[in-house]
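Please open the model in your viewer and keep the selection tool at hand. The tour below moves from one selection to the next and says what to look for at each stop.

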Amino acid sequence: MDDRGHDVAPAVETTADEIAAMEIRGAATIADAAAEALAIQAQRSDADRPDAFERQLRAAAKALYETRPTAVSLPNALRYVLAGMDGETVAKLRASIVDRAGEFRRDLDRAQSKLGSVGANRLRDGDVVMTHCHSTDALACLEAAVEDGTEIEAIVKETRPRMQGHITAGQLREWGVPVTVIVDGAARRYLDRADHVLVGADSIAADGSVINKIGTSGLAVLARERGVPVTVAAQTIKLHPDTMTGHTVEIERRDEREVLDEEARAAITDGVDGVDDGLTAENPAFDVTPPRYVDAIVTEHGQFPPETIVTLMRELFGETVDEPWEL
Ligand SMILES: O=P(O)(O)OC[C@H]1O[C@H](OP(=O)(O)O)[C@H](O)[C@@H]1O
């Protein structure tokens, strides 16, 4: 664990570590956990003065912020909760953070179910939907379709290296949706059977580019070649406000052992001197899908062609974005 100073509550450190280790994962879930952690920090703070309390909250936000760099829902959540910090006494400051975090978490839930009904409208009886990775926003669309009585089937890409497609498959089976799991390399072949590609997003840039789990961009290109529409399900906390001023989204690179563990490495290099020296694996967790390969971005405010998302972004975030944990 990093040295995060004495200001950060142990429970917040635990949440930060769980996000970094992907025990808490998925952009919406990370945002929810971060807001909850700030509320816990506020409740457990031993600060006896308002400035000390504010310093602790900022330190907690910074510790959470530094865990994973790509999903913008994390800084958006932290920014939203800290922006509500208000009051002249510790008691008032505490109450303001707890209320604001609660409001954020309720809004997050509502946004996801609203987005689900918007996305479900794109699906018809008999449709086959191909998914990538595990996205609660994408699943909300499928859940709403199932609740409407729409008969759908799913082709679920397993999504190396962490096989998060299996989580999607499990959830869909729980809802009674017939599921076919395929290896990632089989996507093109199975697109012939698909009516939609449906994915989530970790961040959406001002030009409508979609940053999502590695493999999304390849899938979108193949889907275009096969004439299958690509839908991205993303609540507006996935909109990356910094990209309006030219900031690029950092792509997280994870441990190469997720791709090539010690056993696999040993099998490759078995008994041959010097082979290991030149053997590396790369593990970028996300890629960028250009807007021309995306048909619609489904949000809680309705669906948008990717090129128009900047209008919504300006409306929701304005032009300026501060990092309140760095003040
Ligand atoms: O917010 P929801 O829709 O649940 O997830 C959005 C995206 O977050 C995930 O990233 P990771 O698994 O945390 O690396 C996947 O890339 C998924 O598409």
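Which residue in E4 does threonine 131 stand opposite? Select both strands to find out: threonine 131 faces leucine 198 in E4, where strand E1 (residues 127-131) and strand E4 (residues 196-199) pair in the parallel sense over three bridges. Two strands count as paired if DSSP finds at least two bridges between them, and the helices (H or I, at least four residues) and strands (E, at least two) are DSSP runs, numbered from the N terminus.

Before going further, note that this is a predicted model, in which local features need pLDDT of at least 70 and side-chain atom pairs count only at pLDDT 80 or more, while totals for chains, interfaces and linings use all residues. Residues are numbered from 1 along each chain as its sequence is written, and side-chain values use heavy atoms, with hydrogens and water left out. The mean pLDDT of the protein (the predictor's confidence in each residue, from 0 to 100) is 95, and 97% of the residues reach 70 or more.

Now widen the selection to the open sheet of seven strands, whose order is E3-E2-E1-E4-E7-E9-E10, with mixed pairing. At its edges are strand E3 (179-182) and strand E10 (302-304), each of which pairs on one side only.

Next, add helix H5 (residues 90-120), which lies across strand E7 (230-233), strand E9 (296-299) and E10, running at about 140 degrees to E9. Such angles run from 0 to 180 degrees between N-to-C directions, with axes fitted to C-alpha atoms, for helices over the stretch in contact, and contact means heavy atoms within 4.5 Å.

Turn then to the second open sheet, where three strands follow the order E5-E6-E8 with antiparallel pairing. Strand E5 (203-204) and strand E8 (286-289) are at the edges with a single partner strand each, so one side of each has no neighbour in the sheet. Strand E6 (residues 210-213) pairs with E8 over four bridges in the antiparallel sense, and isoleucine 211 is found opposite valine 288 in E8.

Finally, select the ligand and the 19 residues around it (each with a heavy atom within 4 Å), of which Arg25, Ala28, Thr136, Asp202 and Asn212 come nearest. An N or O atom in the side chain of threonine 136 is 2.6 Å from an oxygen atom of the ligand, and a polar side-chain atom of lysine 213 lies 2.9 Å from an oxygen atom of the ligand.

Notes. A polar contact is a pair of N or O atoms within 3.5 Å; within protein, one must be able to donate a hydrogen and the other to accept it, and residues adjacent in sequence count only if both atoms are side-chain atoms.
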